[in-house]
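Let's take a friendly walk through this model, one region at a time. Keep the 3D view open as you read.

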Amino acid sequence: MINISVVGSINTDFVFTSNELPKPNETIMGNQFNINYGGKGANVSVSASRLGAKVKLFGAIGDDIFSKENLKNLKNQKVNIANVITLPNTVGGAAGINVGSGTNSITVVSGANGKYGKEQIASKLDLILSSNVVATQLETNVAGVKFLIEQCYKNKTTLVFNPSPIIDLSENLLKKCGYIIVNEVEIKKLPNYQSDNQMLEHYNGKLVLTTGSNGVYCFENGVKHINSLKVKAVNTTGAGDTFLAAFCVAIAEGKKVFEACEFANVCAGLKVTKQGTQTGMPTIDEVNKFLKKDKK
């Protein structure tokens, strides 16, 4: 079984579903309210676990009731939570999610996630680096993420980085990542951006661009495009995290970038057909069933 380390956030999602997203200064009536488990680190961990990987999650929670329920959920999803620390007198991360008409908008409060940084990562570094692939994003302490990238590069450990929420990052740091996965908004905020194709060529196989219904772009002996699945989008929340997890699984299995993107594209496409950030993430059996059916 492949091993994946995820260094990232653990949140509680407060989800409001309506026919459309509210405009600035507008109040609308919603159709449904749910409290779900989330956070990009937890989402990637759950998705990778559902796809058959052995996953260790490294992060922080608070001592609030929602954080405790998050840990129970992660354990139920067969994610190794032995390295998740609890910070006293601190609340866990939280996200307010508005879902409407196949799109979403999200506001995140870091809580304990923002205090998980270089010191905490350094204390677990050997365990993190012992996996086939390391995955991380930017919902934890930024200095810690930068330290992690440097250490993975130094120790020749493959790191897959989703710079989300996007901030200014140096090209030197980005080039130390094994792979970088961005969406159509994030790619434009990378250093020295001129065009999507220019960036894909510049990073020479390290960079993957996801564009939702317009599919995926990567570079492998030239820029390549993969069409998105033709499905009805019910809830896009967690699709990007599903893509990242599936990409990590495929890379850990030895697949090259284009084949890894094909697999991740299917997994993300299946995710958007279901409600629930984590509960809607496909299992490896569901993915294999779809792939078998698709070949007929």
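## A tour of the predicted model

Setting aside residues within four places of it in sequence, Asn70 makes contact with Ile10, Asn11, Thr12, Tyr37 and Gly38. Please keep in mind that this is a predicted model. Asn70 belongs to helix α2. Is Asn70 buried or exposed? Its relative accessible area is 2%, and because buried means under 20%, Asn70 counts as buried.

**The sheet and its helix**

Next comes the sheet. Four strands make up an open sheet in the order β3-β2-β6-β7, and their pairing is mixed. Strands β3 (32-38) and β7 (103-109) are the edges; each has a single partner strand, so one side of each has no neighbour in the sheet. From one strand to the next, the twist averages 20°. Helix α2 (residues 65-76) packs on this sheet, where it touches β2 (11-18) and β3, and its direction makes about 65° with that of β3.

On the other side of the strand order, β6 (residues 93-100) pairs with β7 in the antiparallel sense over 7 bridges. Within that pairing, Val99 stands opposite Asn104, and Asn98 stands opposite Ser105. The two strands form a hairpin with 2 residues between them, and Ser101 in the turn has a positive phi of about 55°.

**A covered helix**

How many residues of α1 are buried? The count is 11 of 11, so this helix is mostly covered. Its buried residues include charged and uncharged names alike, among them Lys40, Asn43, Val46 and Arg50. Just after α1 comes Gly52, with a positive phi of about 100°.

**Two pockets**

The two largest pockets can be set side by side.

| Pocket | Volume | Lining residues | Nonpolar / polar / charged |
|---|---|---|---|
| Largest | about 1400 Å³ | 46 residues | 17 / 22 / 7 residues |
| Second largest | about 180 Å³ | 11 residues | 6 / 2 / 3 residues |

Which residues lie nearest the centre of the largest pocket? They are Asn104, Asn183, Thr236, Ala239 and Gly240. Asn104 is also the residue that Val99 faces in β7. At least two lining residues of the largest pocket come from each of β2, α1 (40-50), β6, β7, β10 (179-183), α8 (239-252) and α9 (257-271).

In the second largest pocket, Leu229, Glu262, Val266, Leu291 and Asp294 lie nearest the centre. Here α9 and α10 (284-295) are the elements that give two or more residues to the lining.

**Backbone points to check**

Most residues other than glycine have a negative phi, and most peptide bonds are trans. With that in mind, a few places in the loops are worth a look. Ser164 and Pro165 are joined by a cis peptide bond, with omega of about 0°. Pro165 sits in the loop between β9 (158-161) and α6 (171-174).

Lys156 has a positive phi, near 55°, and is not a glycine. This residue is found in the loop between α5 (142-154) and β9. Lys156 counts as exposed because its relative accessibility is 79%, where exposed means over 50%.

Asn204 also has a positive phi, about 50°, although it is not a glycine. Asn204 lies in the loop between α7 (196-203) and β11 (207-210). At 55% relative accessibility, Asn204 is likewise exposed.

Note on methods
Residues are numbered from 1 along each chain as its sequence is written. This is a predicted model: local features need pLDDT of at least 70, side-chain atom pairs count only at pLDDT 80 or more; totals for chains, interfaces and linings use all residues. Side-chain values use heavy atoms; hydrogens and water are left out. Two strands pair if DSSP finds at least two bridges between them. Axes are lines fitted to C-alpha atoms, for helices over the stretch in contact, and angles run from 0 to 180 degrees between N-to-C directions. Contact means heavy atoms within 4.5 Å. Buried means under 20% relative accessible area, exposed over 50%, partly exposed in between (1.4 Å probe, protein chains only). On a 1 Å grid over the protein atoms alone, a cavity is a set of points where a 1.4 Å probe fits but cannot get out, and a pocket is an open set with protein on both sides within 12 Å along at least five of seven lines; lining residues have an atom within 4 Å of a point. Grid points are joined across faces, edges and corners, and a volume is the space filled by probe spheres set on the points.
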